[in-house]
Amino acid sequence: AIDLSVTWLGQTMPGCLYNASGVWCREEGELEALHASAAAAVITKSATLTPRDGNPEPRYCRTPLGSINSMGLPNRGFDYYLDYARRYRYGSGKPLFLSLSGLSLDDNCAMLRRLAEEGLPAVPEVNLSCPNVPGKPQLGYDFAATAEALEAFDAAYSGLYGVKLPPYFDPAHFAAMAEILNRHPRLAFVTCINSIGNGLVVDIDSEAVVIKPKDGLGGLGGDYVLPTALANVREFFRLLPGKDVVGCGGVKSGREAFMHILAGARAVQVGTCLYHEGPGAFSRIAGELAMLMRVKGYRSLDAFRGRLRTL
Ligand SMILES: O=C1NC(=O)NC(C(=O)O)N1
C-alpha cells in the first residue's frame with residue numbers, strides 16, 4: 001500500500017496535503033468542512049489582533065492560469081480562531097495551524113503570548129508575507145525587520161512555530177534569509193511560498209484591471225507561481241538543515257504535489273485550486289499522488305522527498 005503520512009512537529013498526520021492559509025478557512029464552518037475532508041491538517045485564515053473587513057471588492061479574480069487577489073486580510077480576529085483552537089478535535093491526528101498576521105510586531109507578539117498561555121497543541125504559522133495591506137510592505141522582504149521580529153517571536157512564544165515566506169528570486173536573498181532563519185532553533189518550518197505579490201491582470205475587453213484594491217495590483221497564485229514555489233522549496237530545503245519546508249504554490253494535481261515533495265517539501269498546501277474546487281480537491285490530489293508513486297515504485301514520501309536530481 002502507498003503511505004502518504006507525514007511525521008513532523010512531534011506528530012504524524014494521516015496525509016501530506018492541507019489548505020493554504022486564506023483559502024476555505026476564514027469561518028468556522030469552512031474550517032469544519034476542511035477537517036471533515038481528506039485534508040491532513042487545517043490552517044486558519046491569517047488573524048489580525050482585531051476583526052478586519054479587508055479591502056474593497058472586487059478583490060479576487062480567477063484567470064486561465066490561476067488567480068489574483070488583494071483580500072487585505074479580512075478575518076474574524078485572533079479571539080475567534082483561538083476559540084476555535086480551544087474546541088478543535090486534535091484527536092483526529094490532523095494538526096491545527098493558526099496563521100498570524102499582525103499589523104505590527106507588537107500585535108504578532110501579543111497573539112503569540114496569548115497562544116502560549118493557552119497551552120494548546122495548535123501550531124502558529126506567522127505570516128511574514130501578506131502583499132495586500134496598503135502601506136504595509138511584506139515583512140519578509142525587509143531582512144533587518146525579519147531578524148528583529150524573529151528574536152521577538154522567540155521571546156514571546158516558547159514552543160515550535162513556523163513562518164510563511166514570500167517568494168525570493170535571487171540567491172543572495174535565499175542566503176540572507178537562511179542565515180537569519182538558522183539562528184532560531186524553535187522555528188521548525190517555513191512555508192514557501194505566499195502569492196507572488198503585486199501582479200497586474202488586465203481584461204482587454206473592458207480595458208480595465210480586474211480587482212479594485214491598489215489600482216489592480218494583487219498576489220498571484222496558481223500555474224503562474226509553480227516554478228517560483230518549487231525553487232523556493234528546493235533552496236530553503238538545502239539551506240535550512242533540521243527545519244522543514246512546507247510547499248505551497250501551483251498545486252492542482254498529484255503531479256505538482258510530487259514535484260514539491262521531490263524538491264524537499266515535508267507537506268504540501270493547496271490554495272487557488274482549493275478555492276475553485278472545494279475540499280474534494282484533497283482526495284483527488286492524494287489519489288493522483290498515490291497513483292504516481294505506485295507507477296514509480298515509491299511506497300512512502302520519504303522514498304523520494306528531496307531527491308530532485310540535478311544534471
Ligand atoms: O498573505 C496573504 N497572501 C495573499 O495572497 N492574500 C492574503 C490577503 O490579502 O489577505 N494574505
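**Exercise 1.** Classify the shell around the ligand by residue class and find its polar contacts.

*Solution.* By class, the shell holds five nonpolar, six polar and one charged residues. Here Ala, Val, Leu, Ile, Met, Phe, Trp, Tyr, Cys and Pro count as nonpolar, Asp, Glu, Lys and Arg as charged, and the others, Gly among them, as polar. This is a predicted model, in which local features need pLDDT of at least 70 and side-chain atom pairs pLDDT 80 or more, while totals for chains, interfaces and linings use all residues. Residues are numbered from 1 along each chain as its sequence is written, and side-chain values use heavy atoms, without hydrogens and water.

Step 1. List the residues with a heavy atom within 4 Å of the ligand: Lys45, Asn69, Met71, Gly72, Leu73, Pro74, Asn127, Cys130, Pro131, Asn132, Asn194 and Ser195.

Step 2. Look for polar contacts (pairs of N or O atoms within 3.5 Å). A backbone N or O atom lies 2.8 Å from a ligand oxygen atom in Gly72 and 2.7 Å from a ligand oxygen atom in Leu73. Asn194 places a polar side-chain atom 2.8 Å from a nitrogen atom of the ligand.

Step 3. Of the 290 Å² that the ligand exposes when taken alone, the protein buries 91% (accessible area, Shrake-Rupley method, 1.4 Å probe).

**Exercise 2.** Describe how helices H6 and H7 are arranged.

*Solution.* Step 1. The helices are DSSP runs (H or I, at least four residues), numbered from the N terminus. The axes (lines fitted to C-alpha atoms over the stretch in contact, with angles from 0 to 180 degrees between N-to-C directions) of H6 (residues 226-239) and H7 (residues 254-262) come within 9 Å and cross at roughly 25 degrees.

Step 2. H6 and H7 are therefore roughly parallel to each other, as angles under 35 degrees count as roughly parallel.

Step 3. Leu226, Ala229, Leu230 and Val233 of H6 meet Glu256, Met259 and His260 of H7 (contact: heavy atoms within 4.5 Å).

Note on methods: A polar contact is a pair of N or O atoms within 3.5 Å; within protein, one must be able to donate a hydrogen and the other to accept it, and residues adjacent in sequence count only if both atoms are side-chain atoms. Helices (H or I, at least four residues) and strands (E, at least two) are DSSP runs, numbered from the N terminus. Angles under 35 degrees count as roughly parallel, over 145 as roughly antiparallel, 65 to 115 as roughly perpendicular and the rest as oblique.
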